[in-house]
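Reader: Please take me through the reasoning behind some of the terms applied to this model.

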Amino acid sequence: MHARVLMLIFAVVASVTASVEATAQSPAPTAAMAAARTSETLQEVTVTAKRISIAPAVREFVNQIARRENGDSLVRWDTPVCPTAIGLPREEVAFILGRISEIARAAGVPKGGETCPPNLFVVVTADPKGLLEGWNDRNDTRLGVFNGATWRYDLNGAPQSVVEPFINTPRAARVWYYTGASDTWHALTAAAGPKAENSRIFLHTLYAFIRVFVIADQTRMKGLAIGQFADYVSMVGLAQIKPDAHLGDTPTILRLFDGAPQHAPAGMTDWDRSFLKSLYATDQIMNTQLDLMGKNMVRDITHR
C-alpha cells in the first residue's frame, strides 16, 4: 500500500518537473517581438485615424468635382479612348499622348490602339475664343463639336444658350464633353433581375463619352511644365469635371491654373489618381456610386 503511494508521489513529481523544464525551455517574448506587435498596433491605429480624418474632405472633393449628366449617372469612357493633340511641338504632343495613355491604363479606362479614330482632342491655341467661334459658325460636321451626330446614339445639337456661354467665358482650359445615353442599361437590368426597373438603387439612364475637346489657352501656360499640363488634360479628359468646382486647398492637379505657376501642383496627386481609379472601378449603374467612390478613395489614399 505504502509502495503504491510512493510510486504515485514519484509520478506526480516527475510530471511537475517535466512541465517546469518545458516552460523554462520555451523562449520568452523578446523585445524585438514585443516591439513588432506594438508597431503593428500603432500602424493600424494610425491608418484608422487617418481614414477618419480625411474621409469628410474626400467626400467633399468627390461631390465638388464629379458631375452627374442630367442628374443621372456619372460619365466615363465605355469605348476605347483615343487621344490626339495639336498646337504644340511634336515632342510635346508625343509626351502628352503617352501620359494620357499611361494614366488611362492605370485607372482602368478602355484604351484604343495606335490607329484608332481620335475621340479625345487636345487643342492648344493663343485664341481659344476665336477658334470656338469658328467651330460654332461652321457647325463643324467633321468633328461634331457642337452639332449632333449619328454614332451609336441618337443625339441633337447643343443649343446656343449652352454653346455661347462656353465660348465667351474666359478659362485657361475649356472642356466640351460630348456625351450620349449608353445602350448598356437593358443588359444590366436583365442581370440585376426584374425588380431593378422600379428600384431606387439602380439608375435608369447611363451616360458615356463620345468625344471630349480640351481647348487650352496658350497664353495661360507660360511657366508650366508639359508634364503638369498633360496630367491636367488627363484628369479633365477621362472624367467629367465641374468647371467651377470649389477646390480650396485640396491636393489636386485641377488647381493647376488657380494661381502663379510656381505654386501650381507638380503633377497628378494621389487624390486625382484615386478618383479616376474609383470612377472606373465602381458600378456606374448604382445610385450610390459617388458614396462608393469616396469610400474607395479613402482606403486607397491611406494605403499608399
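Author: The model is a predicted one. A suitable starting point is a contact between two helices: S234, M235 and L238 in α7 meet D272, F275, L276, L279 and Y280 in α8. By class, this contact has 6 nonpolar, 1 polar and 1 charged residues.

Reader: What makes D272 the charged residue and S234 the polar one?

Author: Asp counts as charged, whereas Ser is not among the residues listed as nonpolar or charged and therefore counts as polar.

Reader: Why are α7 and α8 called roughly parallel to each other?

Author: Helix α7 (residues 226-238) and helix α8 (residues 270-281) pack at an angle of about 25 degrees, their axes lying 11 Å apart. Angles under 35 degrees count as roughly parallel, and α7 and α8 are therefore described in that way. Their crossing is left-handed.

Reader: Why is strand β5 said to be largely enclosed by the rest of the structure?

Author: A residue is buried when its relative accessible area is under 20%. In β5 (residues 207-217), 11 of the 11 residues are buried, so the strand is largely enclosed.

Reader: How do you know that β1 and β5 pair?

Author: Pairing requires at least two bridges. Strand β1 (residues 75-76) and β5 have 2 bridges, in the parallel sense, so the criterion of at least two is met. Within this pair, V75 stands opposite Y207.

Reader: Which strands pair with β5 over 6 and over 9 bridges?

Author: Strand β3 (residues 120-125) runs parallel to β5 and is joined to it by 6 bridges, with D217 as the bridge partner of T125. Strand β4 (residues 173-181) pairs with β5 in the antiparallel sense over 9 bridges, and there Y177 stands opposite V212.

Conventions: Residues numbered from 1 in each chain as written. Predicted model: local features only at pLDDT ≥ 70, side-chain atom pairs only at ≥ 80, totals over all residues. Heavy atoms only, no water. Buried < 20%, exposed > 50% of the residue type's maximum accessible area, 1.4 Å probe, protein only. Helix = DSSP H or I, 4+ residues; strand = E, 2+ residues; numbered from the N terminus. Axes fitted to C-alpha atoms, helices over the stretch in contact; angles between N-to-C directions. Parallel < 35°, antiparallel > 145°, perpendicular 65-115°, else oblique. Left-handed = near helix turned anticlockwise from the far one by under 90°. Contact = heavy atoms within 4.5 Å.
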